[in-house]
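Student: I am new to this structure and would like a close look at one part of it. Please start with the charged side chains that pair up, and then show me what lies around them.

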Amino acid sequence: NVIDDHQLGSVEYAAEHLGCKLVVVLGHSHCGAVGAAINDNPDGYVKSITDEIKRAIGSEKDDIKACVLNIHQSVDAIKNGMKKLVEAEDGLKVIGAIYHIEDGKVEFDV
């Protein structure tokens, strides 16, 4: 869940043309991209993803806490990018959640 103009365009289209009222940014435990951002310094195209995650997580080394920080960054990016839609009466709601792979539970509003 890294947000750029492509993802914002998809969210914008869904909200404006399809009537979507809820966006859930769903991260997950044991995320390979978050793990790579914490432990590795990859190169190639994946570096653009891990660099963005690194900006979100700072020096956090705990997998779950880092995942939640990354979710927050994505939620904030969508809210800021879709400000007019979010602030409208009965507007777009954007929330974060984490899927715990080990037990299948989803924790909302993280």
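Tutor: Happy to. Taking a salt bridge to be a side-chain nitrogen of Lys or Arg within 4 Å of a carboxyl oxygen of Asp or Glu, the count comes to two salt bridges. Please keep in mind that this is a predicted model.

Let's take the pairs one at a time. In one of them, the side chains of Lys47 and Asp51 meet, with 3.0 Å from N to O. Lys47 and Asp51 sit four residues apart in helix α3, which covers residues 46-57, so about one helical turn separates them. To say how open each partner is, we need two cut-offs: buried means under 20% relative accessible area, and exposed means over 50%, with partly exposed in between. Lys47 is partly exposed, because its relative accessible area is 32%. Asp51 is also partly exposed, at 23%.

The other pair is Arg55 with Glu52, where the closest N and O atoms are 2.8 Å apart. Here the spacing is three residues in helix α3, and again about one helical turn lies between the partners. Their surroundings can be read in the same way: Arg55, at 56% relative accessibility, counts as exposed, whereas Glu52 is partly exposed with a relative accessible area of 22%.

Now step off the end of that helix. Ser59 is found in the loop between α3 and α4, and it is exposed, with a relative accessible area of 66%. If you look back from Ser59 to Lys47, the two are 12 residues apart in sequence and 17 Å apart in space, C-alpha to C-alpha.

Following the chain onward brings you to helix α4, residues 63-81, which lies across β1 and β2 and runs at about 160° to β2. A good residue to pause at is Ser74, which is found in helix α4. Ser74 is buried, because its relative accessible area is 2%. Leaving aside residues up to four places away in sequence, Ser74 touches Asn1, Val2, Ile3 and Val25.

From here we can turn to the strands themselves. They make an open sheet of three strands in the order β1-β2-β3, with mixed pairing. The edge strands are β1 and β3, each pairing on one side only. From one strand to the next, the twist averages 30°. As background, strands of a sheet pair through backbone hydrogen bonds, either parallel or antiparallel.

What does "mixed" look like here? β1 and β2 run parallel and are joined by seven bridges. Two places let you see this for yourself: Val23 stands opposite Val94 in β2, and the bridge partner of His28 in β2 is Tyr99. β2 and β3, on the other hand, run antiparallel and are joined by four bridges. One spot to look at there is Ile98, whose bridge partner in β3 is Glu107. β2 and β3 also form a hairpin with four residues between them, and Gly104 in the turn has a positive phi of about 80°. As for how covered β2 is, six of its eight residues are buried, so β2 is largely enclosed by the rest of the structure.

The sheet has an open side to its story as well. A nonpolar patch on the surface is formed by Leu22, Val24, Leu26, Tyr99, Ile101, Val106 and Phe108, with about 590 Å² of accessible area together. β1 (22-28) and β3 (105-108) each supply at least two residues of the patch, and β1 gives the most, with three. For a general picture, in a regular strand the side chains alternate between the two faces of the sheet. Ile101 has its place in the loop between β2 (93-100) and β3. Ile101 is partly exposed, because its relative accessible area is 42%.

To retrace the route: begin at the salt bridge of Lys47 and Asp51, move on to the one between Arg55 and Glu52, pass Ser59 in the loop between α3 and α4, and then find Ser74 in helix α4. After that, look at the sheet in the order β1-β2-β3.

Key: Residues numbered from 1 in each chain as written. Predicted model: local features only at pLDDT ≥ 70, side-chain atom pairs only at ≥ 80, totals over all residues. Heavy atoms only, no water. Patch = residues over 30% accessible without salt bridge, like charges linked within 9 Å, V, L, I, M, F, W, Y side chains within 5 Å. Areas by Shrake-Rupley, 256 points an atom, 1.4 Å probe, with all protein chains shown as cover. Buried < 20%, exposed > 50% of the residue type's maximum accessible area, 1.4 Å probe, protein only. Pairing = 2+ DSSP bridges. Axes fitted to C-alpha atoms, helices over the stretch in contact; angles between N-to-C directions. Contact = heavy atoms within 4.5 Å.
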